[in-house]
Amino acid sequence: MFQNPFHERSSETLASVLNNAPASIIVCSAKSRALLYANERACKLFIKEDYRPGITCYEAAGHGKPCPFCQYSLEFTVRNHMEPVTRRIYQISSKMIDWEGEPAYIEYIVDVTEDQTKTERYRNRSEELDRTLCSIPCGLCIYLYRDGILRPVFHNPAFYEIMGCTEEQVRYVKQKTEYLSIYPEELEPLRAELCRAIQCNGRVNFDYRIWNSDKQLYNCIHLDGAVIPQEDGSKLLYSVYSDVSKRYRLETELSDTRMKMEHLVNSIPGGIVSYEIQGKKAVPDFVSDGLLALSGYSRNEFNELVKGNTIDLIYEADRGRVLSAAYSAVESGLVMDVSCRFRHKEGHLVWTHINGRRIGPKAETMRFYAVFTGMSEDAILFRNIANETADRVYVIDKESYELF
């Protein structure tokens with residue numbers, strides 16, 4: 001143990017203060033590096049040699065020459081040093097002072113190994129997290145909401161790419177929340193959705209279009225975000241941006257195609273009905289305008305009349321024959337070809353011809369399409385005779401009613 005000879009030259013108060021300081025403290029001559037003082041913590045930490053007059057700080061530490069990390073000539077320094085044997089890290093703060101009329105350096109030595117380890121671990125985790133966020137292909141952004149202002153605090157590179165930002169726009173977006181190049185009609189709805197989520201600490205789910213200067217078109221962006229309140233009263237909005245332009249364009253094309261098909265189907269003379277067949281039950285899931293025109297009913301009146309079962313529209317005396325023909329077509333896969341009557345909204349009977357066919361092989365669930373065509377003028381001429389004859393000849397097959 002290094003015997004401290006300097007307590008006699010310092011006051012008891014100073015010795016008490018230095019010995020109880022939470023650091024190892026040494027004082028060295030600025031001229032010769034001679035060790036002038038070491039508190040008890042310093043003696044335990046690094047003093048290896050017994051004191052002798054004129055012993056230098058590095059000799060007392062067991063070294064034959066000045067320490068390589070020493071910055072002896074500077075008036076004030078702060079540096080870290082790792083002890084090669086113990087691998088402990090020490091922070092050394094040096095300052096020029098006057099020590100009883102002699103220029104000297106006082107050094108405070110603190111073990112910062114744990115703090116450095118935590119800092120290093122935190123830095124490594126931060127770098128790893130940053131690499132992970134930057135490698136994610138969707139756009140990520142974190143916004144801070146405070147005092148009524150929403151400003152960005154983080155963007156990953158994919159955000160700027162997805163948004164199609166120019167270099168000038170990137171500079172703006174990094175500084176503040178800019179609703180740049182958003183489709184005009186969707187700007188206010190987006191603002192309103194964000195305000196709602198911020199006020200109720202809720203989620204954001206919103207699709208909107210934004211102009212992409214490179215592609216010279218509007219891209220469709222899906223925003224998925226969550227607002228998290230903070231202890232200081234501020235709020236963080238975590239947002240994920242995905243380019244859903246392909247899906248949007250596909251849905252638009254499908255919608256346009258569907259509208260064109262419906263227009264085409266509704267333009268065909270007569271009516272078209274699509275059924276889903278499950279067992280012996282057939283549920284219509286599409287009825288064209290042509291069948292409504294043949295029957296004279298509006299769509300609401302028609303739906304109320306048939307209650308999801310178009311067989312109710314057919315004249316009672318003809319239902320069994322129609323059901324039998326439909327059942328045979330479903331079983332065989334051949335074309336259904338039958339004429340029948342149904343009652344018009346105005347009360348008279350209307351002759352129609354039905355062609356139908358099962359689509360695909362037999363299965364638990366099948367599709368069946370039927371085309372209803374109004375009879376020709378020649379058929380109308382003998383309608384009254386045909387009606388009387390049909391009423392006597394056609395027999396209702398009640399057991400077949402379930403099919404339609």
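Arg 367 counts as partly exposed, at 27% relative accessibility; buried means under 20% relative accessible area, exposed over 50%, and partly exposed in between (1.4 Å probe, protein chains only). The side chain of Arg 367 meets that of Glu 276 in a salt bridge (3.9 Å, N to O), a salt bridge being a side-chain nitrogen of Lys or Arg within 4 Å of a carboxyl oxygen of Asp or Glu. This is a predicted model, in which local features need pLDDT of at least 70 and side-chain atom pairs count only at pLDDT 80 or more, while totals for chains, interfaces and linings use all residues. Residues are numbered from 1 along each chain as its sequence is written, and side-chain values use heavy atoms, with hydrogens and water left out.

**Overall content**

- The secondary structure of the protein comprises 13 helices and 15 strands; helices (H or I, at least four residues) and strands (E, at least two) are DSSP runs, numbered from the N terminus.
- Of the 404 residues in the protein, 39% are buried.
- Among contacts between residues at least 6 apart in sequence, 44% join residues at least 24 apart, where contact means heavy atoms within 4.5 Å.

**Salt bridges**

- The structure contains 16 salt bridges.
- Glu 276, the partner of Arg 367, is partly exposed at 29% relative accessibility.
- Glu 276 belongs to strand 11 (residues 271-278) and Arg 367 to strand 15 (residues 365-374), so their salt bridge ties together parts that are 91 residues apart in sequence.
- Another salt bridge joins Glu 301 and Lys 345, with the closest N and O atoms 3.2 Å apart.
- Glu 301 lies in helix 10 (residues 299-306), whereas Lys 345 lies in the loop between strand 13 (336-343) and strand 14 (349-359), so this pair ties together parts that are 44 residues apart in sequence.
- Glu 301 is partly exposed at 34% relative accessibility, and Lys 345 is partly exposed with a relative accessible area of 43%.
- Arg 88, Asp 111 and Glu 114 are joined into one network by salt bridges that share partners.

**Helix 7**

- Helix 7 (residues 184-200) has 17 residues and reaches 26 Å from its first C-alpha to its last, close to the 24 Å expected at 1.5 Å a residue; the expected span is 1.5 Å times one less than the number of residues.
- The buried residues of helix 7 are Glu 186, Leu 190, Glu 193, Leu 194, Ala 197 and Ile 198.
- These buried residues cover an arc of only 130° around the axis, which puts them on the same side of helix 7; the arc is that of the directions from the helix axis to the C-beta atoms.
- The buried residues of helix 7 pack against strand 6 (139-146), strand 7 (149-155), strand 8 (203-212), strand 9 (217-229) and strand 10 (235-243).
- On the face turned away from the buried side, helix 7 carries the exposed residues Pro 184, Glu 185, Glu 188 and Gln 199.
- Within helix 7, Arg 196 and Glu 193 are three residues apart, about one turn of the helix, and their side chains meet in a salt bridge (2.9 Å, N to O).
- An α-helix has 3.6 residues a turn, so residues three or four places apart point the same way.
- Arg 196 is partly exposed, with a relative accessible area of 35%, whereas Glu 193 counts as buried at 18% relative accessibility.
- Asn 201 follows helix 7 and has a positive phi, near 55°.

**The five-stranded sheet**

- Five strands form an open sheet in the order 2-1-5-4-3, with antiparallel pairing; two strands pair if DSSP finds at least two bridges between them.
- The edge strands, strand 2 (35-38) and strand 3 (76-82), each pair on one side only.
- Neighbouring strands of this sheet are turned by 25° against each other on average, direction ignored; the axes are lines fitted to C-alpha atoms, for helices over the stretch in contact, and angles run from 0 to 180 degrees between N-to-C directions.
- Strand 1 (residues 24-29) and strand 5 (residues 102-111) run antiparallel and are joined by six bridges.
- Ile 25 stands opposite Tyr 108 in strand 5, and the bridge partner of Ile 26 in strand 5 is Glu 107.
- Strand 4 (residues 89-99) pairs with strand 5 in the antiparallel sense over ten bridges, with Lys 95 opposite Ile 106 in strand 5.
- The hairpin of strand 4 and strand 5 has two residues between the strands, and in this hairpin Glu 100 takes a positive phi near 50°.
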